[in-house]
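Here are my notes on the model, set out point by point. Please read them with the structure open.

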Amino acid sequence: MRVWISGASSGLGESLARELAARGCHLAIFARREQLLEKLRSDLVAAHPSISVIAQTGDVRDRAQVHAGIREAEGRLGGIDLLILNAGTGDSLSPEKFSAELVERITAVNYLGAIYGIEAALPAMLQRKSGTIVGVSSIGAVRGFPMAAPYCASKAALTSFLESLRLDLWGSGVRVITVSPGFIKTPLTDRNRFPMPFLVSSESAARRIVDGISRRKREIHFPRRLTIPLKILRCFPGFLFDWILSRTMRGKGYRKETGSPATPAARRPFG
Ligand SMILES: NC(=O)c1ccc[n+]([C@@H]2O[C@H](COP(=O)([O-])OP(=O)(O)OC[C@H]3O[C@@H](n4cnc5c(N)ncnc54)[C@H](OP(=O)(O)O)[C@@H]3O)[C@@H](O)[C@H]2O)c1
């Protein structure tokens with residue numbers, strides 16, 4: 001299996017690369033931090049000498065860099081069977097410090113970055129009538145959670161896009177899988193200063209994702225103790241959702257009236 005994965009320099013992406021390498025996959029790992037990627041590449045080839053690993057330094061916001069990375073992986077690995085669109089970022093947005101720049105940055109990484117990857121890899125997959133596209137979204141896509149508007153909106157866009165694409169590709173031989181995790185312990189969530197129920201390790205998350213891909217699931221969501229209640233919450237009418245969230249946030253570092261964090265340390269509720 002030949003895999004291209006974005007955001008492999010840390011957190012979930014790094015754990016996914018380690019898990020896939022342990023299962024004998026050839027990898028192209030893409031992210032901005034060159035040293036971390038190089039270190040991961042040398043660890044992986046030392047531990048699994050039979051696999052090929054290509055480290056690619058690039059920014060998913062740059063369409064040409066994403067295309068070049070995927071072209072190189074197709075050339076050097078002989079094709080891509082599994083495309084994992086994992087690169088992501090997040091930050092809190094308070095009404096007092098509203099910034100469209102922040103929204104643009106998060107949208108460019110979490111949503112458009114994934115679209116560039118699909119644009120680059122899909123033609124060869126369609127031609128071969130095989131391939132799997134995996135988008136790492138978030139359970140935060142199910143509703144708009146406080147202080148996380150740019151993150152939730154970018155992940156909702158990605159989830160929705162992948163759902164349409166899955167239907168558009170029906171019968172083409174190309175599968176689309178959406179990953180909707182709850183909280184995972186990574187550098188992204190290490191900054192959070194609020195309780196993160198049912199936090200899972202990035203190694204365990206990577207195992208669940210790779211197992212879900214092998215089982216050809218259409219959506220991979222975990223931990224179910226968190227994701228199932230949140231999926232149910234999606235069906236609630238708006239007034240009930242607002243009421244539940246205002247109760248839940250009370251006493252958790254959020255101001256009662258606005259839902260804004262009482263201290264700068266309180267951050268978005270999703271990773
Ligand atoms: N942690 C959670 O609780 C959680 C929950 C649900 C979903 N997720 C999703 O899981 C994915 C991985 O997040 P994580 O928690 O593992 O966070 P992380 O440790 O901060 O990793 C994010 C990865 O994305 C890469 N990245 C960020 N901006 C990039 C850019 N412009 N171009 C290329 N690569 C970029 C980073 O690499 P460089 O900085 O080297 O570029 C890094 O490898 C994200 O899509 C996130 O939204 C995480």
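**Notes on the parallel strands**

1. Start with a pairing. Ile84, in strand 4, is the bridge partner of Ile5. The model is predicted, so local features are taken at pLDDT of at least 70. Strand 1 (residues 2–6) and strand 4 run parallel and share three bridges.

2. Strand 4 covers residues 82–85, and its side chains split two ways. Leu82 and Ile84 point one way. Leu83 and Leu85 point the other way. All four are buried. In a regular strand, side chains alternate between the two faces of the sheet.

3. What does strand 4 pair with through four bridges? The partner is strand 5 (residues 131–136), and the two run parallel. Within that pairing, Leu85 has Gly135 of strand 5 as its bridge partner. Helix 4 (residues 100–128) joins with strand 4 and strand 5 in a right-handed β-α-β unit.

4. Now strand 2 (residues 26–31). Five of its six residues are buried, so strand 2 is largely enclosed by the rest of the structure. Burial here means under 20% relative accessible area.

5. Strand 2 runs parallel to strand 1, and five bridges join them. Ser6 sits opposite Phe30 of strand 2. The connection between strand 1 and strand 2 passes through helix 1 (residues 11–22), and this β-α-β crossover is right-handed.

6. Which strand pairs with strand 2 over five bridges in the parallel sense, with residues 53–57? That is strand 3. Across this pairing, Ala28 stands opposite Ile54 in strand 3. From strand 2 the chain goes through helix 2 (residues 34–47) to strand 3, again as a β-α-β crossover, and this crossover is right-handed.

7. Next, the whole chain. It has nine helices and nine strands. The C-alpha trace spans about 55 × 40 × 35 Å along its principal axes. For 271 residues, a compact globule would have a radius of gyration near 18 Å; the chain has 19 Å, which agrees.

8. On burial, 52% of the 271 residues count as buried. The accessible surface comes to about 12700 Å², and carbon and sulfur atoms make up 55% of that.

9. Last, the contacts. Take those in the chain with a separation of 6 or more: residues 24 or more positions apart account for 68% of them.

How values were computed. Residues numbered from 1 in each chain as written. Predicted model: local features only at pLDDT ≥ 70, side-chain atom pairs only at ≥ 80, totals over all residues. Heavy atoms only, no water. Buried < 20%, exposed > 50% of the residue type's maximum accessible area, 1.4 Å probe, protein only. Pairing = 2+ DSSP bridges. Right-handed = clockwise from strand over helix to strand, strands pointing away. Rg over C-alpha atoms; globule rule 2.2 N^0.38 Å. Contact = heavy atoms within 4.5 Å. Areas by Shrake-Rupley, 256 points an atom, 1.4 Å probe, with all protein chains shown as cover.
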